[in-house]
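Here is a friendly walk through one protein chain and its ligand. Have a look at the fold before reading on.

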Amino acid sequence: MTNELINKKDIYFPSYSGSNDNLNTLINKTSQIICNWFSNSEKYGPLPIDEEFKCLMPCENGNSPEDLFSEIEDLILNSFNPVHPGSLAHLDPPPLVLSIVGDLIAAGLNNNLLAYELSPSLTNLEESLFKWFSKKIGFGKHSGGIASSGGTLSNLNALIAARDHAGLSSDPNAVFLISEEAHSSFIKCAKIMGLHENNLIKVSTDNEGSMDLKCLKNAIVECSKKNKKIFSIVATLGTTIRGALDPIEGIREICKNNNIWLHIDGSIGGIFLLTDIQIKGLNKINFADSITLNPQKILGITKTSSLLLISNIENLKNTFSTGLPYISSKNNVLDRGELGLQGTRPAEVIKLWLGLRFLGLKGIEDILKSSIDRKVFFEKNLSNEKYEIYSGPLHIISFLPKGMSIEESNSWTHINRIKLLKCNFMLSRPEFKGKYFLRAVMGNYNTSESHIGDLLKILNSL
Ligand SMILES: Cc1ncc(COP(=O)(O)O)c(C=O)c1O
């Protein structure tokens, strides 16, 4: 490292007139460190077993880049590694290379998706991408949407808009319905919306993990008896523990007959709608009022990347628009901070756009199809004599030796998760149906059949 680099003032900010050699050197060095970490994944495993990163805080005179680089290396070595082929625990796939580039560009531009004047090309890009997504899933010309930092926020934006649309924003009897296998973050949504826990109604699922339509109809009757007013039914396309799909056509009929907003939490399965992959129960969903898609969860668009698509963009405007008194707006261009909860937003759209442009529809399909293929191969070869197995049509599978009590499931999963980690396989340990399970999420493109074979050998002999 050169002496000039150690002169920190030179690199407080990029120079507006100089060569920016220092910044260039730092970025190259960073890129080298990250690439080395990727290349040496096998050496470090998917997760450090005992994390020991020393968290040093800022000191009086600041630190040199040399000091910081040694800390960066330490930070990285103590991180979860999504690129490792044994990383099969969560919906956190390896990052797409073009998305990593996109993140760097976004940081360099430091534009703000709050308003057009702070991000002219990016505002245009985000709006165009939403038009593209909306068309792909069959929404009409009034549709659009907003990106936000994660599926929880996208679902929350949708629920707030649905309640507002129903005119129930200050009604304590407003309720929404989800399946009992829907994501736990809906509890958070209810809390944030000031709703009592009884205003979040959980509908039972059938043996396949799909919302039971009879139970849904009964729940609606019960709500009406208790003067509860339903502002949305949420159908999950891809449940978190077993990748199950709610019966969206049946739910659509019920929503239509009762004039209820249908929101689809497609955080996991929604992205499949961009492809021709045939998955039973995952059809065009253009009749929904809104849908969440999370390109971060399988495609590998770097975090965070979550999209809320809505069939009528006016509903987002009516709900969230306050006017931005300190912003100079341009005629006919919407300042996108007016469409959701977040004000300032980073240019996450760049990594999404570059990732999708690079992959093309064929690449997207390849990644998604490979995740299903891996799950099918795994499921076919996991002993169904030994294990109780839960898996819907998507790429997630949970399992536990048959006949275990709650206590046995607790200790079995605990011990064997660590054992697997020592063999460089990281699986998760969800609580499900009152017991603990091991769960594999097969969204890692680096995981080959031979890796899965090695995992199966261990699991079938436990
Ligand atoms: C089905 C589903 N919905 C919503 C969420 C919440 O998404 P996020 O963690 O991006 O906020 C998750 C997270 O795994 C999920 O699996």
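How many helices and strands does the protein chain have?

## Overall fold

This is a predicted model. Its protein chain holds 14 helices and 12 strands. Measuring along the principal axes, you will find that the C-alpha trace spans about 75 × 65 × 45 Å.

The chain has 462 residues, and a compact globule of that length would have a radius of gyration near 23 Å. The protein chain comes out at 24 Å, which agrees with that expectation.

## Around the ligand

If you turn to the ligand, you will see 14 residues surrounding it. The closest are Gly150, Gly151, Thr152, His183 and Ser267.

What is the make-up of this shell in nonpolar, polar and charged residues? The shell around the ligand has 11 polar residues, alongside 2 nonpolar and 1 charged.

## A pair of helices

Next, take helix α9, residues 213–225, and helix α10, residues 248–258. Their axes come within 10 Å and cross at roughly 20°. Angles under 35 degrees count as roughly parallel, so α9 and α10 are roughly parallel to each other. The crossing of the two helices is right-handed.

Which residues meet where α9 and α10 come together? From α9 come Leu213, Leu216, Lys217 and Ile220, while α10 brings Gly250, Ile251, Ile254 and Asn258. The residues of this contact divide into 5 nonpolar, 2 polar and 1 charged.

Definitions and conventions. Residues are numbered from 1 along each chain as its sequence is written. This is a predicted model: local features need pLDDT of at least 70, side-chain atom pairs count only at pLDDT 80 or more; totals for chains, interfaces and linings use all residues. A residue is near a molecule or strand if its C-beta atom, placed from the backbone, lies within 6 Å of it. Ala, Val, Leu, Ile, Met, Phe, Trp, Tyr, Cys and Pro count as nonpolar, Asp, Glu, Lys and Arg as charged, and the others, Gly among them, as polar. Axes are lines fitted to C-alpha atoms, for helices over the stretch in contact, and angles run from 0 to 180 degrees between N-to-C directions. Helices (H or I, at least four residues) and strands (E, at least two) are DSSP runs, numbered from the N terminus. Angles under 35 degrees count as roughly parallel, over 145 as roughly antiparallel, 65 to 115 as roughly perpendicular and the rest as oblique. A crossing is left-handed if the near helix is turned anticlockwise from the far one by less than a right angle, and right-handed if clockwise. Two residues are in contact if their C-beta atoms, placed from the backbone, lie within 7 Å. The radius of gyration is taken over C-alpha atoms; the globule rule is 2.2 Å times the number of residues to the power 0.38.
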